[in-house]
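This report walks through a protein model, strand by strand and contact by contact. Please keep the sequence and the structure at hand while reading.

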Amino acid sequence: MKLSARNQFKGKVIGIETGAVNAIVTIDIGGGNIVSSTVSMAAVKDLGLEVGKDAYAIIKATSVMVGID
């Protein structure tokens with residue numbers, strides 16, 4: 001897989017919360033880090049995403065929000 005995005009994190013799918021149109025896919029990328037993404041149900045099906053399978057969290061953003069308590 002070749003992509004222009006430099007932030008690519010391989011991990012394991014640990015959760016898929018399905019809705020009518022979208023799903024929230026949660027990926028454990030190791031080191032206690034979890035990444036979640038909202039994707040279409042069509043993408044879940046097309047990619048064959050299932051809990052326990054390997055997947056990549058690929059992040060390409062023009063802005064990143066930062067917050068504190």
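## Strand β2 and its surroundings

The model is a predicted one, and the description starts with T26, which lies in strand β2, the stretch covering residues 22-30. T26 is classed as buried because its relative accessible area is 16%, under the 20% limit for that class. Leaving aside residues up to four places away in sequence, T26 touches K12, V13, I14 and G15, and also I34, V35 and S36. With S36 there is in addition a polar contact between the two side chains, at 3.5 Å.

Strand β2 pairs with strand β3 (residues 33-40) in the antiparallel sense, over 8 bridges. Within this pairing, V25 has S37 of β3 as its bridge partner. The hairpin formed by β2 and β3 has 2 residues between the strands, and G31 adopts a positive phi near 65 degrees in this hairpin.

## The salt bridge

How many salt bridges does the structure hold? There is 1 salt bridge in the structure, and the side chains that meet in a salt bridge are those of D54 and K12, with an N to O distance of 3.0 Å. Since D54 lies in strand β4 and K12 in strand β1 (residues 7-18), the pair ties together parts that are 42 residues apart in sequence. Side chains of opposite charge can pair when their charged atoms come close.

Both partners fall into the intermediate accessibility class: D54 is partly exposed, with a relative accessible area of 47%, and K12 is likewise partly exposed, at 38%. K12 also appears among the residues that T26 touches.

## The loop before β4

V51 is found in the loop between α1, which covers 41-47, and strand β4. V51 counts as exposed because its relative accessible area is 55%, which is over the 50% limit for that class. Even so, when residues up to four places away in sequence are not counted, V51 touches V13, I14, G15 and I16. The C-alpha atoms of V51 and V21 are separated by 19 Å, the two residues being 30 residues apart along the chain.

## A nonpolar surface patch

Which residues form a nonpolar patch on the surface? The patch is formed by M1, L3, Y56 and I58, which together have about 400 Å² of accessible area. Of these, Y56 lies in strand β4, which spans residues 54-59, and Y56 counts as partly exposed because its relative accessibility is 42%. Strand β4 is also where D54, the salt-bridge partner of K12, is located.

Conventions:
Residues are numbered from 1 along each chain as its sequence is written. This is a predicted model: local features need pLDDT of at least 70, side-chain atom pairs count only at pLDDT 80 or more; totals for chains, interfaces and linings use all residues. Side-chain values use heavy atoms; hydrogens and water are left out. Patches are made of residues with over 30% relative accessible area and no salt bridge: like charges are joined within 9 Å, nonpolar side chains (Val, Leu, Ile, Met, Phe, Trp, Tyr) within 5 Å. Accessible areas come from the Shrake-Rupley method with a 1.4 Å probe; for residues, only the protein chains shown count as cover. A salt bridge is a side-chain nitrogen of Lys or Arg within 4 Å of a carboxyl oxygen of Asp or Glu. Helices (H or I, at least four residues) and strands (E, at least two) are DSSP runs, numbered from the N terminus. Buried means under 20% relative accessible area, exposed over 50%, partly exposed in between (1.4 Å probe, protein chains only). A polar contact is a pair of N or O atoms within 3.5 Å; within protein, one must be able to donate a hydrogen and the other to accept it, and residues adjacent in sequence count only if both atoms are side-chain atoms. Contact means heavy atoms within 4.5 Å. Two strands pair if DSSP finds at least two bridges between them.
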